[in-house]
Amino acid sequence: MPQARSIIPYHPSLEDFCSRCPAAESALCSVFDRESRRALEPIGYQVRLERSERLCEQYAPADRIFNLIEGMLTVERTTTYGQRQIVAFLFPGDFLGLSFSKRYDYTVRAVAPSRACAFQREGFLDTCERFPEIKSRVA
C-alpha cells in the first residue's frame, strides 16, 4: 500500500501560501492571523497524495496533524478480523490527526489526488497555547 511520497516544505512565506489556499476560509485556518502563521511556519509543510496513498496509518505514532486543502480522503480502520472499514470521508477544510492517543486510531487514505497541510503535533499544540483563538477552534 503506497504511502505519501510528495512532501513539500512550506515556502518561506506561509502568508503568501495561505492567501492562495482553497481551504483558507475553513474552520481552523480562518482564525490564523499574520503572527500565528509565522509561528506555524517552522513546523508546517504540505503533503501531496495520489489516489490510494496513505496520509497516516492506524497504530503509527500520532506525531502530525493535518488540514485537508484539496481532494478527498477516507478515514478507515482495520478490524480484528483484518477487514477494512470506512468510517468517514474528509473534504477540504477538514482537520484531522489530533487525538488523545499517542498513536493514530485510523488509516487515512486518498480517494482522489489530494493536498494537505501537515504540522508537527507538539509544535502545533504549543502554538495553540500561545494563540487562544486557534485553541478554541481545535478544542
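Let us start with the cysteines: this predicted model holds zero disulfides. A disulfide is a covalent bond between the sulfur atoms of two cysteines, and no pair of cysteine sulfurs here lies within the 2.5 Å that would count as one. Two of the cysteines are worth a look for their surroundings. Cys56 has a relative accessibility of 6% and counts as buried, and Cys128, at 5%, is buried as well.

From there, turn to strand β9, which spans residues 114-120. Six of its seven residues are buried, so the strand is largely enclosed by the rest of the structure. Its partners are easy to pick out on screen. Strand β2, residues 44-49, pairs with β9 in the antiparallel sense over six bridges, and Leu49 stands opposite Ser114 of β9 in that pairing. Strand β4, residues 64-70, is also antiparallel to β9 and is joined to it by six bridges. Here Asn67 is the residue that faces Cys117 in β9. As a reminder while you rotate the view, side chains in a regular strand alternate between the two faces of the sheet.

Strand β9 also leads to the nonpolar interior. The largest nonpolar core has 18 residues, and the members touching the most others are Phe32, Leu40, Phe119, Phe124 and Ile134. At least two residues of this core come from each of α2 (34-40), β4, β9 and α3 (121-130). Apart from it lies another core, made of 17 residues, including Val75, Ala110, Ala116 and Ala118.

Val75 takes us to the next pair of strands. Strand β5 (residues 73-78) and strand β6 (residues 84-90) run antiparallel and are joined by six bridges, with Val75 opposite Ala88 of β6. The two strands form a hairpin with five residues between them, and in that hairpin Gly82 takes a positive phi near 85°.

Now for a charged residue in that same hairpin: what surrounds Glu76? Glu76 is found in strand β5 and has a relative accessible area of 2%; being under 20%, this value means that Glu76 counts as buried. Leaving out residues up to four places away in sequence, Glu76 touches Gln58, Arg84, Gln85, Ile86, Val87, Tyr106, Thr107 and Arg109. Its side chain makes a polar contact of 2.9 Å with the side chain of Thr74. Another polar contact, at 2.7 Å, joins the side chains of Glu76 and Arg109. The side chain of Glu76 also meets that of Arg84 in a salt bridge, with 3.5 Å from N to O. Arg84 has a relative accessibility of 53% and counts as exposed, whereas Glu76 is buried. Taken together, Glu76, Arg84 and Arg109 are linked in a network of salt bridges.

How many salt bridges does a search of the whole structure find? The search finds five, and two others deserve a visit. One of them ties Arg115 to Glu70, with the closest N and O atoms 3.4 Å apart. This pair links distant parts of the chain, since Arg115 belongs to strand β9 and Glu70 to strand β4, 45 residues apart. Arg115 is buried at a relative accessible area of 15%, while Glu70 is partly exposed at 36%. You have already seen β4 and β9 joined by six antiparallel bridges, and this salt bridge connects residues of those two strands.

The other involves Glu57 and Arg54, whose closest N and O atoms are 3.0 Å apart. Is each partner buried or partly exposed? Glu57, with 30% relative accessibility, counts as partly exposed, and Arg54, with 9%, counts as buried.

One last stop is a loop. Leu98 sits between β7 (95-96) and β8 (107-110) and is partly exposed, with a relative accessible area of 33%. Along the chain, Leu98 and Ala62 are 36 residues apart, and their C-alpha atoms are separated by 7.8 Å.

Conventions: Residues numbered from 1 in each chain as written. Predicted model: local features only at pLDDT ≥ 70, side-chain atom pairs only at ≥ 80, totals over all residues. Heavy atoms only, no water. Buried < 20%, exposed > 50% of the residue type's maximum accessible area, 1.4 Å probe, protein only. Helix = DSSP H or I, 4+ residues; strand = E, 2+ residues; numbered from the N terminus. Pairing = 2+ DSSP bridges. Core = buried A, V, L, I, M, F, W, Y, C linked by side-chain atoms within 4.5 Å. Polar contact = N/O pair within 3.5 Å; in protein donor to acceptor, adjacent residues only side chain to side chain. Contact = heavy atoms within 4.5 Å. Salt bridge = Lys/Arg side-chain N within 4 Å of Asp/Glu carboxyl O.
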